[in-house]
Amino acid sequence: SQIVTAGDFTETDNCAGAIAVGAGCAVQVKFLPAAVGARSGMLTVYGNVAGGQATAKLSGTGAPAAAIILDPISVAYSATNVGAVSAAQNITVSNTGGVTATLQTPVVTGDFTIMANTCGATLAAGVGCTVSVAFQPTASGTRTGSFSLTDSTGIQTTSLTGTGLLPATDALAPASLTFAAQVLNTASMGQQVTLTNAGDAALTLVAAQIASGDFTVVNGCGNSLAAHSVCALTVVFVPKSVGAEVGVLTVSDQYRSQTVTLSGTGVAPAGVSVSPVGTMAFAATGVGLSAAPQTATLTNNGGMPLLIQSIGATGDFAVVAGSSTCGTSLAVGTSCSVQVVFAPAVAGTCSGSLVVVDNAPTSPQRVSLTGAGVDFALTANGSTTQTIATGGQAVYPLLLTSAAGQPGTVAFTCSPLPAHATCTVNPSPGAMGGTSTITVTVATSVAGAELRWPDARQMVWFAVLVPLWFGRRRLRRVGLAALVGCVLLVAGCSASRLIPVSGGGGGGAGNPTPSGTYNLTVTGTNAGLVRSVGLTLVVQ
């Protein structure tokens, strides 16, 4: 026998030549459509049967094959810092065929990571899914990789590319600079501090400043440093005083601030010099008071002893008595010192000089002195006596007067206060620089206070009663306890309350201020000066 097929069909069988009577064989037919749509064919078996053959009709329908497409087929990522993760980009997987396709797990290579995957094990015809892939560079430069998906039709691939960036760096060296001995008021040779950016991005917000010491810096870096670049900051030492000096250079950028320690020694020039060079500035000081003294150093760098005729100060400045270590002669290579004090006689800017008269060619030696004198007046601007009923308020107008343009403020206090009373000064502090009105308000019968220790009158009563007790020896011991209790009761009943100088109005019915006459003092202070106005309060 022989078996054949026609059309889009093929067959396999195990029928070998002849089939014995009562026996059989198997024929398998496969449909391999060559086109889409209805397809037909014929299976024919040739043998020693009637007509010489037997036939069977075959039919089937051809459908489109599965077709998996990736979109896009290449993905480029923006430059990303090494170690960071870029924004994810989506790769769409679509089945444009007519039958369901099977999908395996997608795979990425290189510095890329799958962040999300909506694809399952199968993908129906005409359906799509997405896979999100991010770039995570492990090194700088161009980085490549791929996205691949194995499905029932083959392997689909998308190429991946990105650029890894090393973040900007800010290595600063050296950590310290030491300058050789430098003559006062002259500039040393510059020393450099280098800032290195080994990254792939620019280092921004670069700034440099000297925090302390007689040092200057020139920032050769500007406010940014390009990738893979080095710049220099030049530091110069310009001493103003004799002796060792230290300073700090601070270099800041987008990441942090770094410091470089600076050190040097100022030496006097050849001949005679006084340091500090330039000006000694004193803090603002109240008229009639003295500022903290400052020290000036006289150095003999000449070739012969220095004969000192006089050391003095002009203006509102003076050499502190007994502070000079100079004497009448100063040996070569030695120094001595004096202390200068500022004691302003009037308010305003004060200037003067420290003058050293000696036998040097540059005599006299001078140091400029500056300071500011501070003065103000606090006076009544009306009656200083007020009479009120308990629970009421007394208002006292005052004037704060100082020279026009004088800076600063005056702080106020108000004491002592009657029991259950408050004192408010407005404004407090008061601004200097002219004449302004200050209002003092005393409110009585205010709730909430702190008990004071018994006053002097209560202690007098105690002193009178105790001797009387000891003169009555026959009284029982319990009498002493009663007496002490009575004294404490008197002290407690008449105790006042300590009220801070702030807030509050009167009216506390449960805390009446006792009737009587009270003397209060309003005090203003600034730059060590104290000015006061006495006030009288009569409570009825």
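Biologist: Which residues form one aromatic cluster with Tyr77?
Modeller: Phe112 and Phe135 do, in this predicted model.

Biologist: How many aromatic pairs does the ring-centre rule give?
Modeller: The count is ten, with 6.5 Å as the limit between centres.

Biologist: Why is the pair of Tyr77 and Phe112 called tilted?
Modeller: The ring centres are 5.6 Å apart, and the limit for a pair is 6.5 Å. The planes meet at 45 degrees. Stacked needs under 30 and edge-to-face needs over 60. An angle of 45 degrees fits neither class, so the pair is tilted.

Biologist: What makes this pair a tie between separate parts of the sequence?
Modeller: Tyr77 sits in the loop between strand 7 (74–76) and strand 8 (80–81), while Phe112 belongs to strand 12 (residues 112–117). These parts are 35 residues apart in sequence, so the pair ties them together.

Biologist: Are Tyr77 and Phe112 buried or exposed?
Modeller: Both Tyr77 and Phe112 are buried.

Biologist: Why is the pair of Phe317 and Phe342 called stacked?
Modeller: Their centres lie 4.9 Å apart, and their planes are at 25 degrees. The cut-off for stacked is under 30 degrees. The value of 25 passes, so Phe317 and Phe342 count as stacked.

Biologist: What distant parts of the chain does that pair link?
Modeller: Phe317 is in strand 33 (residues 317–319) and Phe342 in strand 35 (residues 335–342). The two residues are 25 apart along the chain.

Biologist: How do you know whether Phe317 and Phe342 are buried or exposed?
Modeller: Buried means under 20% relative accessible area. Phe317 has 5%, so Phe317 is buried. Phe342 has 0%, so Phe342 is buried too.

Biologist: Why is Val82 called partly exposed?
Modeller: Its relative accessible area is 23%. Buried needs under 20% and exposed needs over 50%. The value of 23% falls in between, so Val82 is partly exposed. Val82 is in the loop between strand 8 and strand 9 (89–95).

Biologist: What is Val82 in contact with, leaving aside neighbours within four places in sequence?
Modeller: Its partners are Pro137, Thr138, Ala139, Ser140, Gly164, Leu165, Leu166 and Pro167. Take Gly164: this residue is 82 places from Val82 along the chain, yet their C-alpha atoms are 5.5 Å apart.

Biologist: How do you know that the charged end of Arg531 sits near enough to the ring of Phe376?
Modeller: The distance cut-off is 6 Å from the ring centre. The charged end of Arg531 is 5.7 Å from the centre of the Phe376 ring, so the distance passes.

Biologist: What lines the largest cavity?
Modeller: The lining includes Val274, Ala296, Cys326, Cys336 and Val356. Strand 31 (294–300), strand 35 and strand 36 (348–358) each give at least two lining residues. The volume is about 40 Å³.

Biologist: Which residues are closest to the centre of the second largest pocket?
Modeller: That pocket has about 250 Å³ of space. Among its 18 lining residues, Gly271, Val272, Ala360, Thr362 and Gln365 are closest to the centre. Strand 28 (272–275) supplies the largest share of the lining, three residues.

Biologist: What is the mean pLDDT of the protein chain?
Modeller: The mean is 86, and 88% of the residues reach 70 or more. Among the elements, strand 20 (residues 191–197) has the highest mean, 98, and strand 46 (residues 497–498) the lowest, 35. Residues 449–508 have pLDDT below 50, and in the model this stretch makes 66 contacts beyond near neighbours in sequence.

Methods. Residues are numbered from 1 along each chain as its sequence is written. This is a predicted model: local features need pLDDT of at least 70, side-chain atom pairs count only at pLDDT 80 or more; totals for chains, interfaces and linings use all residues. Side-chain values use heavy atoms; hydrogens and water are left out. Rings of Phe, Tyr and Trp (its six-membered ring) pair if their centres lie within 6.5 Å; planes under 30 degrees apart count as stacked, over 60 as edge-to-face and the rest as tilted. Helices (H or I, at least four residues) and strands (E, at least two) are DSSP runs, numbered from the N terminus. Buried means under 20% relative accessible area, exposed over 50%, partly exposed in between (1.4 Å probe, protein chains only). A charge sits over a ring if NZ of Lys or CZ of Arg is within 6 Å of the ring centre and within 35 degrees of the ring normal. pLDDT is the predictor's confidence in each residue, from 0 to 100. Contact means heavy atoms within 4.5 Å. On a 1 Å grid over the protein atoms alone, a cavity is a set of points where a 1.4 Å probe fits but cannot get out, and a pocket is an open set with protein on both sides within 12 Å along at least five of seven lines; lining residues have an atom within 4 Å of a point. Grid points are joined across faces, edges and corners, and a volume is the space filled by probe spheres set on the points.
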